[in-house]
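Please look over the following model before reading the notes on how its chains meet.

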2 protein chains.
Amino acid sequence: MKELPLSKVYQLLEPGPVVLLTTARKGRANVMTMSWHMMVEFEPPLVACIVSSANHSFAALRSTGECVIAVPALELAPKVVKVGNCSGRDLDKFMAFGLTPIPAARVAPPLVAECFANLECKVADTSLVKRYNLFVLEVLKAWRDPAQKNPKTIHHQGYGKFIVDGETIKLKSRMR
Amino acid sequence: MKELPLSKVYQLLEPGPVVLLTTARKGRANVMTMSWHMMVEFEPPLVACIVSSANHSFAALRSTGECVIAVPALELAPKVVKVGNCSGRDLDKFMAFGLTPIPAARVAPPLVAECFANLECKVADTSLVKRYNLFVLEVLKAWRDPAQKNPKTIHHQGYGKFIVDGETIKLKSRMR
């Protein structure tokens, strides 16, 4: 994994890909599938996300204040769905689905080796956790796998239906 | 426009499309381009979004507590970018770019006739507006244009680069 400038993190998340979220608690790592996230600030990158209190990851995120957002490409889609279909309460999902945890630099939760980008995050704001399960995260360090060229991400439309990235268009924009 | 059940709203926004946001203040409608949004709750649908205080729309949204989220398909991409490149301070963007405002049912800001879906929203929570320009919206009523079949949405990657929806895949998922 090669370090990615924090100023470019929004370019990964703004298009709305399905991502994985890893946590670690009492020496045990877990991973969940997540689609409800958005950018909040460019730099330092802030990301808001919803992690339901029904998810096993919720307690770990709440108590440790750390996670990794990992961005999978199309090839990982079957595993991403399997990760979403079960709970870390019942099994070690890394082991069960052949995902490889790599130690992160700044946080305890692991990166996911198979994902083309990994964002090490700490919880920056919990004021809307009680009402909406809404966490604001700060990205501390970002990684990108240079071996995965032009990865296609997937976008959830409900009930296992995913839109895959298609063509790219370029328009004259003043927007960053 | 045909009414869309509120339970299906998340299927429109969860994939992360670029959207338009309309507001109205003192009898004048405005429209901006937005990419920082996410689902917060299925039903009633709650949506979080960032509307920068640098945007002309910010004051209207803050003071009236109403907006419409309109979802454009690929064909509208050039107009979507033009909307994002200028400010409602300086011109009537509906007029300038040939977008057609249609009266909404529950809020003062207009629907955008050219968009394949329109969501009438009221502001539900402003507690993170000061810190992050983060609004939580409740979708009151949703509309879909049945004449636009299989619209392809666009996803912003920064600096006018957009990913267009590609193929759709279906995987066996327990996730709603």
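The notes below cover the symmetry, the interface, one buried aspartate and one helix.

This is a predicted model, in which local features need pLDDT of at least 70, side-chain atom pairs count only at pLDDT 80 or more, and totals for chains, interfaces and linings use all residues. Residues are numbered from 1 along each chain as its sequence is written, chains are lettered from A and ligands numbered from 1 in the order in which they are written, and side-chain values use heavy atoms, with hydrogens and water left out.

**Symmetry**
- A turn of 180° with a shift of 0.0 Å along the axis lays chain B on chain A at an RMSD of 0.0 Å, the superposition being by least squares on the C-alpha atoms of residues with pLDDT of at least 70 in both.
- The two copies are thus related as by a two-fold rotation axis.
- The copies meet through the same surface, because 100% of the interface residues of chain B are also interface residues in chain A.

**Interface**
- Chain B and chain A put 54 residues each into the contact (heavy atoms within 4.5 Å).
- About 5200 Å² is buried between chain B and chain A, and carbon and sulfur atoms give 62% of that area; buried area is the accessible area (1.4 Å probe) that two parts lose on being put together, summed over both.
- In chain B, the residues that lose the most area to chain A are B:Trp36, B:Tyr159 and B:Met175, together 15% of what that side buries.
- Between the chains, 28 residue pairs (both at pLDDT 80 or more) are in polar contact, that is, a pair of N or O atoms within 3.5 Å, one able to donate a hydrogen and the other to accept it, where residues adjacent in sequence count only if both atoms are side-chain atoms.
- On the side of chain B that touches chain A, β12(B) gives the most, with 10 residues.

**B:Asp125**
- B:Asp125 lies in strand β9 (residues 117-125) of chain B; strands are DSSP runs of E, at least two residues, and helices runs of H or I, at least four, numbered from the N terminus.
- At 4% relative accessibility B:Asp125 counts as buried (under 20% relative accessible area, 1.4 Å probe, protein chains only).
- Two salt bridges cross the interface (a side-chain nitrogen of Lys or Arg within 4 Å of a carboxyl oxygen of Asp or Glu).
- One salt bridge joins B:Asp125 to A:Arg131, with the closest N and O atoms 2.3 Å apart.
- The side chains of B:Asp125 and A:Tyr132 make a polar contact of 3.2 Å.

**Helix α3 of chain A**
- In α3 (residues 77-85) of chain A, the buried residues are A:Ala77, A:Val80, A:Val81, A:Val83 and A:Asn85.
- The cover over these residues includes β2, β3, α4, β11 and β12 of chain A, together with β12 of chain B.

Technical notes: Buried < 20%, exposed > 50% of the residue type's maximum accessible area, 1.4 Å probe, protein only.
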